[in-house]
2 protein chains.
Amino acid sequence: MRELEERILRDGKVLPGNILKVGSFLNQQLDVPFMMRMGREIADAYRGQDVTKILTVEASGIALAVAAAAVMELPVVFAKKNKSSNVSGDVYTAPVHSYTHNKDFTIVVSADYIKNTDRLLIVDDFLANGEALRGLLSIAGQAGAEVAGCAVAIEKGFQGGGDALRAEGVRVDSLAIVEQMSDTGLTFRN
Amino acid sequence: MRELEERILRDGKVLPGNILKVGSFLNQQLDVPFMMRMGREIADAYRGQDVTKILTVEASGIALAVAAAAVMELPVVFAKKNKSSNVSGDVYTAPVHSYTHNKDFTIVVSADYIKNTDRLLIVDDFLANGEALRGLLSIAGQAGAEVAGCAVAIEKGFQGGGDALRAEGVRVDSLAIVEQMSDTGLTFRN
């Protein structure tokens with residue numbers, strides 16, 4: 001998505017530790033009109049795929065998931081990062097390691113909200129090592145749900161998580177794939 | 001908002017500890033088409049108020065804030081609940097006590113994202129004791145921003161947080177106000 005690539009070049013900041021900071025439009029501050037256009041791109045890519053529900057993980061995945069769901073007229077389920085007192089009953093869980101924050105956590109979804117009749121679209125803002133998507137795929141599998149694919153805004157292609165998933169047969173769509181980045185600039189995969 | 005009251009009566013569950021569980025449509029699972037209608041109600045209430053930005057707090061406030069922002073064509077800034085390595089530079093912080101989870105946390109917004117020229121609409125999913133809204137009002141004050149008002153989906157009126165804020169002159173709009181609730185049912189403020 002050309003508009004996203006241009007926005008990353010204009011407003012993104014490369015920080016030590018392979019962090020691409022896009023807090024001015026995609027995390028913390030959300031350019032919602034732009035995110036609605038990203039949601040429409042995702043909706044277009046999954047037209048006719050019989051998706052019943054969008055699955056994401058808190059917190060920064062929620063906005064893009066809502067944007068896509070608004071266009072597709074679907075519900076969103078978001079995994080929580082630690083078990084809350086408001087989640088009762090049976091749950092699906094998966095361990096996730098965050099390289100950005102260098103810590104492990106567990107993502108949790110109530111079993112009430114994903115059924116084996118669901119066909120899920122998994123949405124997240126970032127794809128780097130693929131840890132979060134693998135956790136969400138695990139939860140979908142535990143529920144016996146089908147997965148139509150994974151859609152993310154920004155994939156850090158050089159970290160390999162997306163290509164590893166594709167090699168395993170998972171459909172992965174990224175609106176922008178950063179092929180290489182450093183403090184002097186970044187390039188995108190064509 | 002009649003549709004929200006009916007939905008709470010149909011799908012809400014009252015749990016011990018004054019918890020109203022609406023995870024099937026407002027937290028964890030998000031009925032996005034319905035949330036977009038809630039967003040439109042909020043947008044209608046603040047038409048002509050010259051709002052420049054919507055402020056909320058992760059995670060469950062994000063979806064309603066995005067819904068309102070999509071209609072109002074505004075950006076959203078969300079406060080994080082603990083300082084992340086992706087937040088650099090100066091920050092505004094406020095302490096918040098969660099009665100639901102019985103713990104204290106700090107909400108954090110990068111100073112880059114709220115300016116003293118902003119006129120904010122504060123949005124959250126729930127209003128009980130008003131702790132989260134007070135934290136967000138504190139952050140707005142630290143930034144020197146004006147606050148047009150606070151809009152929430154569900155106010156638990158019997159916990160008094162909304163009325164205390166109104167008595168202090170803060171505009172607070174709730175799409176549904178639960179006046180009383182127990183495991184045998186609940187009633188709304190007219």
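Is A:Glu73 buried or exposed? At 63% relative accessibility, A:Glu73 counts as exposed. These legends go with close-ups of a predicted model, and that glutamate gets the opening view.

**View 1. Glu73 has a positive phi in chains A and B.** In chain A, the loop between α3 and β5 (76-79) is home to A:Glu73. Its phi is about 55°, positive even though the residue isn't a glycine. For context, most residues other than glycine have a negative phi. Over in chain B, phi of B:Glu73 is near 55°, and B:Glu73 sits in the loop between α3 and β5 (76-79) of that chain. B:Glu73 is exposed too, because its relative accessible area is 62% and the cut-off for exposed is over 50%.

**View 2. A cis peptide bond links Glu58 to Ala59 in chain A and in chain B.** Most peptide bonds are trans, so here's a pair to check if you are setting up omega terms. Between A:Glu58 and A:Ala59, omega is about -5°; between B:Glu58 and B:Ala59, omega is about -10°. A:Ala59 belongs to the loop between β4 (53-57) and α3 (62-72) of chain A. For B:Ala59, the loop runs between β4 (53-57) and α3 (61-72) of chain B.**View 3. Phe25 and Phe34 form a tilted pair in chain A and in chain B.** How many aromatic pairs does the structure hold over all chains? There are two. A:Phe25 and A:Phe34 make a tilted one, 6.1 Å centre to centre with 45° between the planes. In chain B, the ring centres of B:Phe25 and B:Phe34 are 6.0 Å apart and the planes meet at 45°, so this pair is tilted as well. Both chain A rings are buried. B:Phe25 is buried, at 0% relative accessible area, and B:Phe34 likewise comes out buried at 0%.

**View 4. A:Arg7 touches the two rings of the chain A pair.** This arginine is part of helix α1 (residues 2-11) of chain A. With a relative accessible area of 15%, A:Arg7 is buried. Leaving aside neighbours within four places in sequence, A:Arg7 is in contact with A:Gly12, A:Phe25, A:Asp31 and A:Phe34.

**View 5. Arg171 lies over the face of Tyr46 in chain A and in chain B.** A:Arg171 is 3.9 Å from the ring centre of A:Tyr46. For B:Arg171 over B:Tyr46, the distance to the ring centre is 3.9 Å.

**View 6. A:Leu121 is a buried residue of strand β8.** The strand covers residues 119-127 of chain A, and the relative accessible area of A:Leu121 is 0%. Beyond its neighbours within four places in sequence, A:Leu121 has contacts that include A:Ile42, A:Tyr46, A:Val51, A:Met72 and A:Cys150. A:Ser24, by comparison, is 97 residues away in sequence and 26 Å away in space, C-alpha to C-alpha.

**View 7. A:Lys156 is buried yet has no salt bridge.** Look for this lysine in strand β9 (residues 146-156) of chain A. Which side chain of opposite charge is nearest to A:Lys156? That is A:Asp125, 10 Å away. A polar atom of the A:Lys156 side chain does lie 2.5 Å from the backbone oxygen of A:Asn18. Leaving aside neighbours within four places in sequence, the contacts of A:Lys156 include A:Asn18, A:Ile19, A:Phe126, A:Val178 and A:Met181.

**View 8. A:Asp44 and A:Arg47 form a salt bridge.** The closest N and O atoms of the two are 2.3 Å apart. At 39% relative accessibility, A:Asp44 is partly exposed, while A:Arg47 is exposed at 60%. Over all chains, the salt bridge count comes to 26.

**View 9. A:Arg189 and A:Asp163 form a salt bridge and belong to a network.** Their closest N and O atoms are 2.9 Å apart. A:Arg189 lies in the segment after β11 (185-188) of chain A and A:Asp163 in helix α5 (residues 161-167), so the pair ties together parts that are 26 residues apart in sequence. A:Arg189 counts as partly exposed at 25% relative accessibility, and A:Asp163 is partly exposed at 31%. The network of salt bridges links A:Glu155, A:Asp163, A:Arg166, A:Glu179 and A:Arg189.

**View 10. B:Arg134 and B:Glu168 meet in a salt bridge.** The N to O distance between these side chains is 2.8 Å. B:Arg134 is in helix α4 (residues 131-143) of chain B and B:Glu168 in the loop between α5 (161-167) and β10 (172-182), so the bridge ties together parts that are 34 residues apart in sequence. B:Arg134 is partly exposed, with a relative accessible area of 31%.

Methods:
Residues are numbered from 1 along each chain as its sequence is written. Chains are lettered from A and ligands numbered from 1 in the order in which they are written. This is a predicted model: local features need pLDDT of at least 70, side-chain atom pairs count only at pLDDT 80 or more; totals for chains, interfaces and linings use all residues. Side-chain values use heavy atoms; hydrogens and water are left out. Helices (H or I, at least four residues) and strands (E, at least two) are DSSP runs, numbered from the N terminus. Buried means under 20% relative accessible area, exposed over 50%, partly exposed in between (1.4 Å probe, protein chains only). Contact means heavy atoms within 4.5 Å. Lys and Arg count as positive and Asp and Glu as negative; His and the chain ends are not counted. A salt bridge is a side-chain nitrogen of Lys or Arg within 4 Å of a carboxyl oxygen of Asp or Glu. A polar contact is a pair of N or O atoms within 3.5 Å; within protein, one must be able to donate a hydrogen and the other to accept it, and residues adjacent in sequence count only if both atoms are side-chain atoms. Rings of Phe, Tyr and Trp (its six-membered ring) pair if their centres lie within 6.5 Å; planes under 30 degrees apart count as stacked, over 60 as edge-to-face and the rest as tilted. A charge sits over a ring if NZ of Lys or CZ of Arg is within 6 Å of the ring centre and within 35 degrees of the ring normal.
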